[in-house]
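Colleague: I have a new model to learn from. Can you take me through it in short steps?

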Amino acid sequence: GSPVVNELGFLNNTYLIVGGDFDSAGSVSCSGLCFYNLNETNWEALVDSFSGTVHAFRFVNDTVLIIAGDLRYDSNDLKLMSYDFNSTSHSHPDHFSQLNRTVEKFILVDNSTDGRIIVSGSDFIQAYDGSSWRSIDNELNNSTIRDISLLNISNSNDNNNGSIFDSNQVLVASGELNLTDYGYLNVAYFNSTNWLPYMITTHNNSTSTVNSIFLNKDISDLY
């Protein structure tokens, strides 16, 4: 099929990073992840022994990149991996290897590889609390999940013990959602205990979808 770009970012203001579903960029072979050198104006494959489809990536700091998708690195099949551009040896947290479903979106709650993480694919949402993964999608039946995001709220939730996100936050999901007790909707939020309805959209008097969530906050430090 046609090449698909799912994510863009920058490395040290030197490289434009492109992640998606493709085999090459220009004349350079770089499956799923390629780097455009802004100074030399040429494509490079900076991550050796890597292939697959990249759905999303984020930087933890200036040099460590977290990548999600259907990935193969050093003969290992992964759904979430980390890569340190300043290191010659690369190891992955054990909990990254425990994921066996394609990750399309993820949130580094603590902006670290060993802290709280929330991941989602087209039909699941899982949360890592620092020690183990658990599913938090049990009320989303036959749903297609397009995006997830954390939203800060003005009042803390006393019922949220902070195991997967802070008590002054809720997790927002969008897509084509079927919520137990509420039915079809496009945006719902999770308060750490239950999923609650937030928004239904329509197009030409029929059901619609919400592909992405935009929050009015600065995340430029993640790139």
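Modeller: Start with one term: contact means heavy atoms within 4.5 Å. Keep in mind that this is a predicted model.

Colleague: Which residues does Trp195 touch, not counting residues up to four places away in sequence?
Modeller: Use the contact cut-off, heavy atoms within 4.5 Å. Leave out residues up to four places away in sequence. The residues that Trp195 touches are then Ile125, Ile136, Asp137, Glu139, Leu140, Leu171, Ala173, Leu179, Tyr182, Ala188, Tyr189 and Phe190.

Colleague: How many residues does the largest nonpolar core have?
Modeller: Nonpolar side chains tend to be buried together in soluble globular proteins. Here, Trp195 is among the residues with the most contacts inside the largest nonpolar core, along with Ile118, Ile125, Ile148, Phe165 and Leu171. The residue count of this core is 20.

Colleague: Which strand gives the most to this core?
Modeller: Strand S12 (124-128), S14, S15 and strand S16 (183-190) each supply at least two of its residues. One of them gives the most, with 4 residues. That strand is S15.

Colleague: How many residues are in the other core, which lies apart from it?
Modeller: Look for Leu33, Val47, Val54 and Tyr83, which are among its members. The number of residues in this other core is 17.

Colleague: In what order do the 4 strands of the open sheet lie?
Modeller: Begin at the edges, where each strand pairs on one side only. The edge strands are strand S14 (144-152) and strand S17 (195-199). The pairing is antiparallel, and the order is S14-S15-S16-S17.

Colleague: What does the twist average from one strand to the next?
Modeller: Follow the sheet in the order S14-S15-S16-S17. From one strand to the next, the twist averages 35°.

Colleague: What is the bridge partner of Leu150 in S15?
Modeller: S14 and strand S15 (residues 169-179) run antiparallel, and 8 bridges join them. Leu150 has its bridge partner in S15. That partner is Leu171.

Colleague: Now the aromatic rings. How are Phe35 and Phe85 arranged, and how far apart in sequence are the parts that they tie together?
Modeller: The two rings are 5.7 Å centre to centre, with 80° between the planes. Planes over 60 degrees apart count as edge-to-face, and this pair is edge-to-face. Phe35 lies in strand S5 (residues 33-37) and Phe85 in the loop between strand S9 (76-84) and helix H1 (94-97), so the pair ties together parts whose separation in sequence is 50 residues.

Colleague: Is Phe35 buried or exposed?
Modeller: Phe35 belongs to an aromatic cluster with Tyr15, Phe59, Tyr73, Tyr83 and Phe85. Its relative accessibility is 0%. Buried means under 20%, so Phe35 counts as buried.

Colleague: Is Thr41 buried or exposed?
Modeller: Thr41 is found in the loop between S5 and strand S6 (42-44). Its phi is near 50°, a positive value in a residue other than glycine. With a relative accessible area of 53%, Thr41 is exposed.

Colleague: What is the relative accessible area of Asn142?
Modeller: Asn142 sits in the loop between strand S13 (133-135) and S14. Asn142 is not a glycine, yet has a positive phi of about 50°. Asn142 is exposed, and its relative accessible area is 76%.

Colleague: Is Ser192 buried or exposed?
Modeller: Ser192 lies in the loop between S16 and S17. Not counting residues up to four places away in sequence, Ser192 touches Asn157, Asn159, Asn160 and Phe165. The relative accessible area is 14%, so Ser192 is buried.

Terms used: Residues numbered from 1 in each chain as written. Predicted model: local features only at pLDDT ≥ 70, side-chain atom pairs only at ≥ 80, totals over all residues. Heavy atoms only, no water. Pairing = 2+ DSSP bridges. Axes fitted to C-alpha atoms, helices over the stretch in contact; angles between N-to-C directions. Phe/Tyr/Trp six-rings, centres within 6.5 Å; stacked < 30°, edge-to-face > 60°. Buried < 20%, exposed > 50% of the residue type's maximum accessible area, 1.4 Å probe, protein only. Core = buried A, V, L, I, M, F, W, Y, C linked by side-chain atoms within 4.5 Å.
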